[in-house]
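Reader: Before I plan any work at the bench, I would like a careful look at one part of this protein, namely its beta sheets. Please describe how the strands are ordered and paired, what packs on them, and what is unusual in the loops that connect them.

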Amino acid sequence: MQPLRIGFAGAGFASKFHHRNLRGLNAVSAGVTSVRPESRAAFEKQFGVPAFDSVAAMLPHIDVLDVCTPPSSHLSYIRQAAEAGKHVIVEKPFTGFFGSPEQHGKEEMLAAVVEDCRSIRELIARTGVTFGYAENYIYAPSIQREREVLEATKAQILRMTAEESHSGSHSPFYGIWKEQGGGSLIGKGCHPLGGVLYLKRKEGLARNGKPIRPAAVSARTHSITKLPAFEDRGYLRTTYLDTEDYAMLHVIFEDGTIADVLTSELVLGGIYDYVEVFANNHRTRCLINPVRVVDLYSPNRKEFEGMELMEKISSNEGWIPASPEFGWSSGQLDEMRDFVDAIQTKRTPECDLDIAIDTTVAIYAGYLSAERKGAEVAVPQV
Ligand SMILES: NC(=O)c1ccc[n+]([C@@H]2O[C@H](COP(=O)([O-])OP(=O)(O)OC[C@H]3O[C@@H](n4cnc5c(N)ncnc54)[C@H](O)[C@@H]3O)[C@@H](O)[C@H]2O)c1
């Protein structure tokens with residue numbers, strides 16, 4: 001079988017780890033493009049991947065478009081690729097509403113997002129291309145272990161708590177609604193939300209042959225670093241234009257069971273990512289980051305200057321829960337393996353359009369709930 005030719009839209013952080021994670025797979029990085037000529041040229045120079053001026057110019061040379069651009073451009077690239085008969089991989093968040101929250105209410109945002117999701121579902125069905133949603137939580141070894149437990153024991157999940165937080169993104173575009181489609185709830189919260197939606201789907205399929213979907217949400221969002229009372233000691237990012245830096249989303253599933261998703265830019269001490277499952281026959285703490293596989297003691301920060309022992313910690317001194325091979329523990333390695341195999345064997349990837357759509361729609365139902373100070377909002381079925 002010929003290696004799958006993958007082309008990257010975007011030449012930044014995500015494209016780089018997607019490219020690296022193709023090693024050992026029956027796939028090649030066949031092209032890269034970016035709106036900034038200097039970033040695509042730098043990618044070509046660093047990795048030897050041919051740079052193209054645009055996605056349209058790259059499409060004839062690839063089998064799969066891997067969309068690793070900022071969220072506001074995801075849909076137009078998905079459309080271009082699918083219409084050209086190319087398979088699609090898209091980074092999180094799938095999509096969103098990219099307009100100012102001062103000019104658009106959350107009801108309008110939810111309706112627009114539902115319409116977009118509907119049109120992409122129709123497009124993927126019509127064109128028959130494979131669609132992979134790059135939500136790495138689903139491929140994290142800890143989440144996959146929990147899936148095995150659910151399937152083997154036909155367990156019922158009664159409640160889950162899940163979180164993705166840290167001290168704030170370094171991207172200058174983060175914090176601007178029209179670029180990101182929201183704040184912490186979409187930018188970070190999509191990860192743990194994707195994880196809990198996936199596990200509940202798997203439970204439903206194992207027990208009754210039918211996924212259990214989210215039915216309703218209640219949410220609160222806050223801008224803690226904007227409070228007049230906030231005392232800035234300089235350790236947290238504070239520059240958010242019109243997005244929240246904290247969100248709490250309470251999900252009620254079709255069977256009445258629940259999940260609570262927390263997400264924020266207010267957590268010191270590195271990345272804090274987990275899903276905890278409370279079931280009728282077991283309890284599992286799925287650690288995503290840190291995973292505590294390696295505890296490294298550094299007597300002096302100078303020993304490890306410039307080395308990333310753990311993401312988002314300011315000092316490399318003392319005991320450090322160092323990241324092992326990050327792509328493995330985060331799920332990013334297995335995610336690419338699954339997408340390549342799914343496309344080559346013509347099957348649906350483990351993380352598919354259903355998860356992408358349910359996550360997106362639940363988030364915007366959450367934004368509407370937050371606008372109504374936490375009132376329950378039904379999650380529309382797309
Ligand atoms: N799964 C994860 O853990 C993870 C981690 C980081 C980023 N992401 C996601 O990956 C995507 C990209 O984020 P990033 O951190 O790589 O950003 P980045 O800023 O590092 O890179 C973005 C790249 O896209 C290019 N670009 C911007 N707008 C474009 C457009 N309209 N058309 C073509 N190219 C364009 C930029 O020039 C740059 O090369 C986002 O959706 C982000 O949420 C996911």
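Author: The protein, which is seen here as a predicted model, contains twelve helices and 15 strands. Its radius of gyration is 20 Å, close to the 21 Å that the globule rule gives for 382 residues, so the protein is as compact as a globular protein of that length. Taken along the principal axes, the box filled by the C-alpha atoms comes to roughly 55 × 50 × 50 Å. Of the 382 residues, 49% are buried, and among the contacts with a separation of 6 or more, 71% are between residues 24 or more positions apart.

The sheet of seven strands can be taken up at this point. These strands form an open sheet in the order 12-11-7-10-9-8-15, and their pairing is mixed. Its edges are strand 12, residues 283-289, and strand 15, residues 377-378, each of which pairs on one side only. At the first of these edges, strand 12 runs antiparallel to strand 11, residues 272-279, and six bridges join the two; within this pair, V277 stands opposite T284 of strand 12. Helix 6, residues 141-153, packs on the sheet here, where it touches both strand 11 and strand 12, and its direction makes about 155° with that of strand 12. Another helix that packs on this sheet is helix 12, residues 353-371, which touches strand 8 (214-222), strand 9 (246-253) and strand 15, with its direction at about 55° to that of strand 8.

Strand 8 has two partners that deserve a closer look. With strand 9 it runs antiparallel, and eight bridges join these two strands; in this pairing S218 stands opposite H250 of strand 9. With strand 15, strand 8 also pairs in the antiparallel sense, here over two bridges, and the bridge partner of A216 in strand 15 is A378.

The other sheet to consider has six strands, which form an open sheet in the order 3-2-1-4-5-6 with parallel pairing. Strand 3 (51-52) and strand 6 (131-134) are its edge strands, each pairing on one side only. Strand 3 runs parallel to strand 2, residues 27-33, and two bridges join them, with V32 standing opposite A51 of strand 3. Helix 1, residues 13-20, lies across strand 1 (4-9), strand 2, strand 4 (64-67) and strand 5, and runs at about 165° to strand 1. Helix 2, residues 37-47, packs on this sheet as well, touching strand 2 and strand 3, and its direction makes about 150° with that of strand 2.

The loops that connect the strands and helices hold several backbone features that call for care. Most residues other than glycine have a negative phi, and most peptide bonds are trans. Against that background, the peptide bond joining K92 and P93 is cis, with omega at about -15°, and P93 is found in the loop between strand 5 (87-91) and helix 5 (106-127). A cis peptide bond also leads from N289 to P290, with omega near 0°; P290 belongs to the loop between strand 12 and strand 13 (294-298), while N289 itself falls within the range 283-289 of edge strand 12.

Positive phi values occur at two lysines in the loops. K312, a residue other than glycine, has phi near 65°, and its place is the loop between strand 13 and strand 14 (318-322). With 18 other C-beta atoms within 10 Å, K312 is partly exposed. K373, which is not a glycine either, has a positive phi of about 55° and is found in the loop between helix 12 and strand 15. K373 counts as exposed, having 9 C-beta neighbours inside 10 Å. The loop that holds K373 therefore runs from a helix that packs on the mixed sheet to one of the edge strands of that sheet.Finally, the surroundings of the ligand can be set beside this account. The ligand is surrounded by 20 residues, and the closest are G10, G12, A14, S73 and E91. The shell divides into nine nonpolar, eight polar and three charged residues. Among the closest residues, A14 falls within the range 13-20 of helix 1, and E91 falls within the range 87-91 of strand 5.

Methods
Residues numbered from 1 in each chain as written. Predicted model: local features only at pLDDT ≥ 70, side-chain atom pairs only at ≥ 80, totals over all residues. Near = placed C-beta within 6 Å. Nonpolar A, V, L, I, M, F, W, Y, C, P; charged D, E, K, R; others polar. Helix = DSSP H or I, 4+ residues; strand = E, 2+ residues; numbered from the N terminus. Rg over C-alpha atoms; globule rule 2.2 N^0.38 Å. Buried ≥ 20, exposed ≤ 12 C-beta atoms within 10 Å, placed from the backbone. Contact = placed C-beta atoms within 7 Å. Pairing = 2+ DSSP bridges. Axes fitted to C-alpha atoms, helices over the stretch in contact; angles between N-to-C directions.
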